[in-house]
Amino acid sequence: MDPMSRFSVVPSGDASPGGPARPVTLEQLLHRAATGDETAFAELYDAVSSRLFGLVRRVVRDPAQSEEVTQEVFLEIWRHSARFDPSKGAALSWMLTIAHRKAVDRVRSAEAARHRDEGYGASNQDVTHDSTAEAVVERLDAERVHRALETLTPVQRQALELAYLSGYTHTEVATMLDLPLGTAKTRIRDGLIRLRDTLGVTL
Amino acid sequence: MSDDIHALSGAYAVDALDDVERARFERHLAGCTACQAEVESLVAAASELSVLTEAAPPASLRAKVLAEIATVRPLPPLTAPQHDSADEDVTSSTPPEPAQAPTATAAPGTQLEHADDLAERRRSRSARGLARGWRVVVAAATVAVLAIGGFTVWKQIDKDPSRAIADQVLAAPDATRYGQRLAGGATATVVRSNALHKAVIVTSGMSQPPSGKVFQLWLQDATGHMTSAGLMPGGGDQVVVLSGDASHSKGAGITVEPDGGSDQPTSDPVAFIAFA
């Protein structure tokens, strides 16, 4: 079984404590990494690399650059592991925040943006709901997120996907979706709130 | 501009603000507990979307990552002034492992950090994204600056009128932006309000000036003459008010100058942003 399925971005208390192989939470691994424990960090890598790399690649698209960014992300996580504050959210969410920010930084730098623009036609298709569903259809947590996304209005969902999964600014999203300027940010926020409430995300 | 800044929380949570909006929102966030809580929850909600994009990295990446971290020392934890401070945030329902907490989450201006942390933080632009976004932003916007000698404008930032000025300029109805992308992916955007006679520079991803040097800001008048507009910290993301009346200036520049700054630019600008 994929060990990843036991890790959720909902609070650490939910990471099934009786898991057979590894009753260790990401928070604990991060904590050990903060003391310089490279073995713990390797375990952390194994547990989250698909989530982080997948998100980075989705935003960055270029495989070589995605790999580079992911490497930077892990270095940041390692260096800042002692700075993680569990009272502010789950470890996976914290790591994803780092990954997302670095990915977005990368695509917004000039030459990377050019690469991505060339592939925009294809990227737009990836944004649609069904194509992402195929890869993860068996996964319960993915299904859960898909179901939650279905409760959003189409515009909310598109705006959120373009912003989060494709790394566009809300102003760019407004243009892409022909929304009046200033309304994309509202759609993004409304969509996130709906997603949060539907998924029952708590801190 | 009296638009509802709270409405930016969602776009902020998914990194969908541009540099200037982000700077503005982060300034708001530092003092708005409602937005802080909302941003935290929306960040967590957005993170859930990553289950849709899972993909295993190339196997070779693991060895690269592990080899790299073996050569790097993790940073020490941020230590709050009072370790067991009663006013530490206790909203978490499940107490974290004691040894992991607390990272410093003190209000702006009250947080203390080690000098090497500061240097590191200023080097790394992504430090902001690290501790749940805004927490570190608050620290970066305040603490980082306190440790740098010579930046009188930035001292005691809580009481500092320049902070209020920056907020006003960034939110001014007549605020006009002039941006430039610098080498290495850094950006510098000047936001000017002629009504307020002030300009603010917002930088992102700047490197550090060479040792013994500082970044100095300049305003250029119609004759091409450059007048010092103060010094600017290097590294990371900065929001700095340019000193002087910017309303008639034709552009702003950044140069690298010897410690303490110069009366006139002594080097070619690393950035020049024309107000046109």
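Start by selecting Trp78(A) in this predicted model. Leaving out residues up to four places away in sequence, Trp78(A) touches Ala33(A) and Phe41(A) in its own chain, plus Ile69(B), Val72(B) and Pro74(B) across in chain B. Show the cartoon and you'll find Trp78(A) in helix α3 of chain A. Is Trp78(A) buried or exposed? It's buried, because it has 25 C-beta neighbours inside 10 Å and 20 are enough for that label. Now add Gly36(A): it is 42 residues from Trp78(A) along the chain, yet their C-alpha atoms are separated by 8.4 Å.

Next, zoom out to the contact between the two chains. Select 75 residues from chain A and 66 from chain B and you have the whole of it. On the chain A side, the elements giving two or more residues include α1 (26-34), α2 (38-60), α3 (63-79) and α4 (91-108). Further along chain A, α8 (140-150), α9 (154-165), α10 (170-176) and α11 (184-199) do so as well. Colour α2(A) if you want the top contributor to that side, with twelve residues. Colouring by class instead gives 36 nonpolar, 20 polar and 19 charged residues on the side of chain A that touches chain B.

Now for the cores. The largest nonpolar one has 77 residues, and Val56(A), Met95(A) and Ala163(A) have the most contacts inside it. α2(A) gives the most to this core, with eleven residues. Click on Val56(A): ignoring neighbours within four places in sequence, its contacts are Ser66(A), Val69(A), Thr70(A), Val73(A), Ala99(A) and Ala103(A).

Last stop: a second, separate core of 31 residues, with Ala23(B), Ala199(B), Val202(B) and Leu242(B) among them.

Terms used:
Residues are numbered from 1 along each chain as its sequence is written. Chains are lettered from A and ligands numbered from 1 in the order in which they are written. This is a predicted model: local features need pLDDT of at least 70, side-chain atom pairs count only at pLDDT 80 or more; totals for chains, interfaces and linings use all residues. Two residues are in contact if their C-beta atoms, placed from the backbone, lie within 7 Å. Helices (H or I, at least four residues) and strands (E, at least two) are DSSP runs, numbered from the N terminus. Ala, Val, Leu, Ile, Met, Phe, Trp, Tyr, Cys and Pro count as nonpolar, Asp, Glu, Lys and Arg as charged, and the others, Gly among them, as polar. A nonpolar core is a set of buried Ala, Val, Leu, Ile, Met, Phe, Trp, Tyr and Cys residues joined through C-beta atoms within 7 Å. A residue is buried if 20 or more other C-beta atoms lie within 10 Å of its own, exposed if 12 or fewer, and partly exposed in between; C-beta atoms are placed from the backbone.
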